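The following exercises are to be worked with the sequence and the 3D structure at hand. Each task is followed by a solution in steps.

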Amino acid sequence: MVLYGGFDVFHKEILKLLPDVRIVEASAHRMDTSPIRNADIVFLQINKTDHSGYYTVCDACKSSGVPYIHLNFASARRCAGVMVKEIEKIQDSSKS
């Protein structure tokens, strides 16, 4: 699972709750989309995301068939709850 966007404080809190999440940092330089293209699911924390990075992530997900979910909360705990539910859905669908 990959996370894109969000503030540094959010990243620190989410890593305490979900230590296996891989955070793709937003930067002014060209983004490496390989973690996104190889993910099972991508989460977008839209409270701090630049437009070009957002569209780069969405396009990489679409072209690779990777589902992506928007996280609309500032709270890491609430976002972690959404992330766990979405991961469980993927795991349940792969079992059937």
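**Exercise 1.** In this predicted model, determine which backbone atom lies 2.7 Å from a polar atom of the side chain of glutamine 45. Then establish whether glutamine 45 is buried or exposed, and list what it touches.

*Solution.*
Step 1. The backbone nitrogen of asparagine 47 is the atom sought, at 2.7 Å from a polar atom of the glutamine 45 side chain.
Step 2. Glutamine 45 belongs to strand E3, which covers residues 42–45.
Step 3. The relative accessible area of glutamine 45 is 1%. Buried means under 20%, so glutamine 45 is buried.
Step 4. Leaving aside residues up to four places away in sequence, glutamine 45 touches Leu3, Tyr4, Gly5, Gly6, Phe10, Leu71, Phe73, Ala74 and Cys79.

**Exercise 2.** State the order of the elements from the N terminus on, and explain why the chain counts as compact as a globular protein of its length.

*Solution.*
Step 1. Four helices and four strands are present in the chain, in the order β-α-β-α-β-α-β-α.
Step 2. The globule rule gives 12 Å for 96 residues, and the chain has a radius of gyration of 13 Å, which is close to that value; the chain is therefore as compact as a globular protein of that length.
Step 3. Of the contacts with a separation of 6 or more, 63% are between residues 24 or more positions apart.

**Exercise 3.** Give the percentage of residues that count as buried and describe the charged side chains.

*Solution.*
Step 1. Buried residues make up 39% of the 96 residues.
Step 2. There are 12 positive and 11 negative side chains, and the centres of these two sets are 3 Å apart.

Technical notes: Residues numbered from 1 in each chain as written. Predicted model: local features only at pLDDT ≥ 70, side-chain atom pairs only at ≥ 80, totals over all residues. Heavy atoms only, no water. Helix = DSSP H or I, 4+ residues; strand = E, 2+ residues; numbered from the N terminus. Buried < 20%, exposed > 50% of the residue type's maximum accessible area, 1.4 Å probe, protein only. Polar contact = N/O pair within 3.5 Å; in protein donor to acceptor, adjacent residues only side chain to side chain. Contact = heavy atoms within 4.5 Å. Rg over C-alpha atoms; globule rule 2.2 N^0.38 Å. Lys, Arg positive; Asp, Glu negative; His and termini not counted. Charge placed at Lys NZ, Arg CZ, Asp CG, Glu CD.
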